[in-house]
Each structure stands twice: as structure tokens, then as C-alpha cells.
Amino acid sequence: MPNGKSLALGFLVGGVVGAAYTLLNTPSSGRDFRENAKLKSENLKNTVLSLKEEGMQLKDQITQTSKEGAELIKELSEDVKTSIESWKRTVEPHQKNIQKYLEQIEASLKELEEKAKAEQADHTTQPSHEVINHQ
């Protein structure tokens, strides 16, 4: 967790620099300064501890959320898989029936074509009975 260490180091360095600046520029007495420095040191310590605790809570929340997300994705994929299998079982018998009907229609069409060709052949071989009117 390099970012957390960098943050803590930044607070520590900032606190030291702030304390040194206050020490050099304070018009108060030594006793007041020491009390003030002690209070600010306690405040800084509490802030750092609070940030550390909040960081740990955030880490735990992210871990928990990741686990829950992984579980949800797993459940969702299982649900989708189950739904697809159910759909396949429902549709498959109908596909076979449709295929059967298509084969029957195709056979009927071939039969009709053969009859049409046979009738056409009969008409071309028979003499025509046209009446020709000569005037």
C-alpha cells in the first residue's frame, strides 16, 4: 500500500514543518507554546490514526464489494446458462417439426413440378384442334 505510506509520510513531514514554523514565529511564552504544540501534536496524531482507520475500512469495503460482485456475476452467468438450456429444450422439438413440414412442402413442390412438366409434355405432343377460318 505505497499510497497510504506516502500519505502518512506527507502528514508527518507537514506536521514537523508546521511545528517548526510555529516555533520560530510564535509570540507566546514557552509554556503556552509547549501546550499549544502538544495539542496540535495530539490533533495530528488523532488525524493520522483516523485516516488509517478509515483507510482500513475502505479497504475492507472494497474487498467485500469485490467478493459480492464476483458472486453476482457467477450467479448471473449460471442463470443465463440455465435460461439458454431451457430455451433450447423448448425450441428443439419445434425445430424438428418445422424441418419436417419444410421437407413435406419441398416434396409437394417437386411433385407439382413433375405433374406440370408431364402436362406440358402432353400438350406439346398432342395435335392442336384449332379451327382456322378462311375467308
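Lys115 and Glu111 both lie in helix H2, four residues apart, which is about one turn of the helix. They also form a salt bridge, in which the closest N and O atoms are 3.9 Å apart. The model is a predicted one. Its protein chain has 135 residues, of which 1% count as buried, and it holds two helices and zero strands.

**Overall make-up**

- The two helices are H1, covering residues 2–25, and H2, covering residues 30–125.
- There are zero strands in the protein chain.
- The accessible surface of the chain comes to about 12600 Å².
- Carbon and sulfur atoms account for 58% of that accessible surface.

**Salt bridges**

- Side chains of opposite charge can pair when their charged atoms come close.
- A search of the whole structure finds two salt bridges.
- One of them joins Lys115 to Glu111. Lys115 has a relative accessible area of 48%, so it counts as partly exposed. Glu111 is also partly exposed, because its relative accessibility is 47%.
- Glu106 forms a salt bridge with Lys110, and the closest N and O atoms of this pair are 3.9 Å apart.
- Glu106 and Lys110 both belong to helix H2 and are four residues apart, about one turn of the helix.
- Glu106 counts as partly exposed because its relative accessibility is 47%, a value between the limits of 20% for buried and 50% for exposed. Lys110 is partly exposed, with a relative accessible area of 47%.

**Nonpolar surface patch**

- Five residues, Leu9, Leu12, Val13, Val16 and Val17, form a nonpolar patch on the surface.
- Together these residues have about 470 Å² of accessible area.
- Leu9, one of the patch residues, is found in helix H1.
- Leu9 has a relative accessible area of 52%, which is over 50%, so Leu9 counts as exposed.

**The second largest pocket**

- About 160 Å³ of space lies in the second largest pocket.
- Both helices, H1 and H2, give two or more residues to the lining of this pocket.
- Helix H2 gives the most to the lining, with six residues.
- The lining residues are Gly15, Gly18, Ala19, Thr22, Phe33, Asn36, Ala37, Lys40, Ser41 and Leu44.
- By type, the lining residues divide into four nonpolar, five polar and one charged.

**A contact between distant parts of the sequence**

- Lys52 and Ala8 are 44 residues apart along the chain, and their C-alpha atoms are separated by 8.4 Å.
- Lys52 lies in helix H2.
- Lys52 is exposed, because its relative accessible area is 57%, over the 50% limit.

**Points to look up in the structure**

- Which residues make the two salt bridges? One pair is Glu106 and Lys110, and another is Lys115 and Glu111.
- Which helix gives the most to the lining of the second largest pocket? Helix H2 does, with six residues.
- Is Leu9 buried or exposed? Leu9 is exposed, at a relative accessible area of 52%.

Definitions and conventions
Residues numbered from 1 in each chain as written. Predicted model: local features only at pLDDT ≥ 70, side-chain atom pairs only at ≥ 80, totals over all residues. Heavy atoms only, no water. Buried < 20%, exposed > 50% of the residue type's maximum accessible area, 1.4 Å probe, protein only. Areas by Shrake-Rupley, 256 points an atom, 1.4 Å probe, with all protein chains shown as cover. Patch = residues over 30% accessible without salt bridge, like charges linked within 9 Å, V, L, I, M, F, W, Y side chains within 5 Å. Salt bridge = Lys/Arg side-chain N within 4 Å of Asp/Glu carboxyl O. 1 Å grid on protein atoms, 1.4 Å probe; cavity = no way out; pocket = protein on both sides within 12 Å on 5 of 7 lines; lining within 4 Å. Points joined across faces, edges and corners; volume = space filled by probe spheres on them. Nonpolar A, V, L, I, M, F, W, Y, C, P; charged D, E, K, R; others polar.
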